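Trainee: I have a model open and would like to go through its holes and a few residues. Can we take it step by step?
Mentor: Yes, put it up.

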Amino acid sequence: MLVTSGTQQALRLCAEVLLRPGDAVWMEDPGYPSARRILEACGARLVPVPVDRHGLDAGEGRRQAPSARLAYVTPSHQFPTGVTMSMERRLALLDWAREAGSWVVEDDYDSEFRYAGPPLTALAGIDARERVIYLGTFSKTLFPGLRTGFAVLPGELLERVAAARLVSDRFPPSLTGEALAELIRDGGFAAHVRRMRSRYRIARDLLAELLPRASGGLLRVTVPDQGLSLLALLPEDWPPGTAVRIRAAAGIEGWLLSETRLVRKGPDGFVLGFSGHSLPALRRAAERLGEAVRAWSPGAVAA
């Protein structure tokens, strides 16, 4: 395992080691824009692989780029849709990686916050051939300014990725790592996650209840079983650009669904985080968003 300054550094280091300019990379579509920028900066040719309610479709990835060098996935809580990759799709992805000699980067950015059902098995946990690079972070579980993540690497990659970090980050700070290790050993980290899981469940449920009501039923909310964000979709037939105007009118921050797509199609919507905010602040934001949605609906604008 290699401790890094967050998952973005970990992804960048892995991309530098594994990719050559022009290499094909499967990218979830929609998917995480920050990961997309990192891969593009390393010269990757991104292949948009569609995501449905079962997660990334490895069959479609095979059709488009069967010999892609790498696949980037968020299987436990897909960003931004919130879906969980099915076991069938997980096995299909691992089968492809084994057959093609390719790598899978599993970004498990907030799996600690699961609100229903048993804990999910990571891709890395069922990968018998060591084709999965597992990325995790403490910035979600503790606080963003911590900037501490980690990469669990197959044995053949550890020295190469560590050498790549040595070029730009020769003496990474050790103080925070030692403090985190002590927090984990003493049980404080597990207790914190349990406490915050309960709080975040309440925050998730508040948004899920308020948004449809505040928008007069115009927003369709997908309620995830896991994670720190949810997706609120606009009606599919609304004009392009409406979501941008609604976001500005409501005075909220966050990704639009359209901003996470490589192929621009389907309805737009709002990727709404609910961690780090008080319940009153979330309530006010949901009410502002609902009001803006009603005001910018095609019927209201035409009137």
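Trainee: How many residues line the largest pocket, and which lie nearest its centre?
Mentor: The lining of the largest pocket has 40 residues, and K140, L228, G273, S275 and H277 lie nearest the centre. A pocket is an open set of points on a 1 Å grid over the protein atoms alone, with protein on both sides within 12 Å along at least five of seven lines, and lining residues have an atom within 4 Å of a point. This is a predicted model, in which local features need pLDDT of at least 70 and side-chain atom pairs pLDDT 80 or more, while totals for chains, interfaces and linings use all residues. Residues are numbered from 1 along each chain as its sequence is written, and side-chain values use heavy atoms, without hydrogens and water.

Trainee: What volume does the largest pocket have?
Mentor: About 1100 Å³, where volume is the space filled by probe spheres set on the points, which are joined across faces, edges and corners.

Trainee: Which element gives the largest share of that pocket's lining?
Mentor: α9 does, with six residues. The elements supplying at least two residues each include α7 (188–214) and α9 (279–295). Helices here are DSSP runs (H or I, at least four residues) and strands likewise (E, at least two), numbered from the N terminus.

Trainee: Now cavities. How many of 30 Å³ or more does the search find?
Mentor: One. A cavity is a set of grid points where a 1.4 Å probe fits but cannot get out. The largest cavity has a volume of about 40 Å³.

Trainee: What lines the largest cavity?
Mentor: Its lining is T7, Q8, L11, Y32, A35, I38, Y72, D107 and L135. Two or more of the lining residues come from each of α1 (7–18) and α2 (33–41), and α1 has the largest share, three residues.

Trainee: Different topic: where is E28, and what does its side chain touch?
Mentor: E28 is in strand β2 (residues 24–29). Its side chain makes a polar contact of 2.8 Å with that of T74. Such a contact is a pair of N or O atoms within 3.5 Å; within protein, one must be able to donate a hydrogen and the other to accept it, and residues adjacent in sequence count only if both atoms are side-chain atoms.

Trainee: And how far is E28 from R90?
Mentor: R90, the nearest side chain of opposite charge, is 9.4 Å away, and E28 has no salt bridge. Lys and Arg count as positive and Asp and Glu as negative; His and the chain ends are not counted. A salt bridge needs a side-chain nitrogen of Lys or Arg within 4 Å of a carboxyl oxygen of Asp or Glu.

Note on methods. Buried means under 20% relative accessible area, exposed over 50%, partly exposed in between (1.4 Å probe, protein chains only).
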